[in-house]
Each structure stands twice: as C-alpha cells, then as structure tokens.
Amino acid sequence: MSNVKAAPDYRTPLKKARRLGSAKSGTGHFWWQRVTAVVLALLVPWLVGTLVSLVGADLGQVHAVFSRPWNAILMAVFVMSLFWHAKLGLQVVIEDYVHNRAAELALLVLNILLCSLGALASLYAIARIALLA
C-alpha cells in the first residue's frame, strides 16, 4: 500500500466545470419564460376588460363577443401562452425540488401531458365558439 496523498485541488468551481458541456436549454428556457410572461402581461388587461364588459350579459352576448375573429385570436394566444408559461414554471419547480429521479421524470412527463391537454381542450373550445357563431 502506498502512503502517497492526492494533491489538493486548487481549481475554482468555474475551472472544474469547464469542458463538462453546457445545459444547452437553460438560456432558451429562461427567455421563453420571459416572453410568455410579457405576452400574458399584455393580454390579461384585455381579458379582464372583456370579462368586466360582459357582467350581466346573457350567453348569446358572450358567445357573440368571443366569436369575433380578433377576440378569438387573442384568446387563443392567451391560452397558448398561459399553458406554455405554466409548463415552463412547473418544470423548474419539479427539477429543483424533486430529488428522486424516477419521480422527477414521471412528474415532468405528467406536466407536459396535462399542460398540452389543457391547451388543446381550450383551443378546441375557442374554435367551437368562433366557428359556430
């Protein structure tokens, strides 16, 4: 047996991380989270204003408002941004706080499926309202 001790590692954490590869999607994830947040920040006042203007309206009036092309388009953009933003945010929470790899993967897949299903169901409902005017 050898009594040779390993030399101490004086490298900085940055130096140790170099050449290990990049996370690749971190920057894109960050920017898409911000883009969807800006889109939502712009569309929430429109949606609140529209809903407030419909207080006391009957179903026919609500249907007529949301079947207008611009309202249907803005609502579709709102729904897509909402579910995409939610998917990205939940993904970060799952990756940061779930430490069991199998549970993490299962929750990430479930997140994608539920957000996709919610977006598709919402877009279907918007299309039905807009096209069956």
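**Exercise 1. Find how many aromatic pairs the structure holds, and classify the one formed by Phe-30 and Trp-31.**

Let's start with the count: this predicted model holds two aromatic pairs. Now take Phe-30 and Trp-31. Their ring centres sit 5.5 Å apart, which passes the cut-off of within 6.5 Å. Next, check the angle: the planes stand at 85 degrees, and anything over 60 counts as edge-to-face. So Phe-30 and Trp-31 make an edge-to-face pair.

**Exercise 2. Decide whether Phe-30 and Trp-31 are buried, partly exposed or exposed.**

Phe-30 has a relative accessible area of 38%, so we call it partly exposed. For Trp-31 the value is 52%. The bar for exposed is over 50%, so Trp-31 counts as exposed.

**Exercise 3. Work out how the rings of Trp-32 and Trp-84 are arranged, and which helices they come from.**

Step one is the geometry: the two ring centres are 4.7 Å apart, with planes at 25 degrees. Planes under 30 degrees apart count as stacked, so that's the label for Trp-32 and Trp-84.

Step two is the location. Trp-32 belongs to helix 2 (residues 26-53), while Trp-84 belongs to helix 4 (residues 69-97). The pair therefore ties together parts that are 52 residues apart in sequence.

Step three is accessibility: Trp-32 comes out at 42% and Trp-84 at 39%. Partly exposed is the verdict for Trp-32, and likewise for Trp-84.

**Exercise 4. Describe the surroundings of Asn-71.**

First, place it: Asn-71 is in helix 4. Its relative accessibility is 13%, and buried means under 20%, so Asn-71 counts as buried. Then look for its partners. Setting aside neighbours within four places in sequence, Asn-71 touches Trp-46, Val-65 and Phe-66.

**Exercise 5. Sketch the overall build of the protein and say whether it is compact or spread out.**

Begin with the parts list: five helices and zero strands, giving the pattern α-α-α-α-α along the sequence. The radius of gyration is 24 Å, well over the 14 Å that the globule rule gives for 133 residues, so the protein is more spread out than a compact globule. For the outline, the C-alpha atoms fill a box of roughly 85 × 30 × 25 Å along the principal axes.

Now turn to burial and contacts. Of the 133 residues, 22% count as buried. Among contacts between residues at least 6 apart in sequence, 69% join residues at least 24 apart.

Key:
Residues numbered from 1 in each chain as written. Predicted model: local features only at pLDDT ≥ 70, side-chain atom pairs only at ≥ 80, totals over all residues. Heavy atoms only, no water. Phe/Tyr/Trp six-rings, centres within 6.5 Å; stacked < 30°, edge-to-face > 60°. Buried < 20%, exposed > 50% of the residue type's maximum accessible area, 1.4 Å probe, protein only. Helix = DSSP H or I, 4+ residues; strand = E, 2+ residues; numbered from the N terminus. Contact = heavy atoms within 4.5 Å. Rg over C-alpha atoms; globule rule 2.2 N^0.38 Å.
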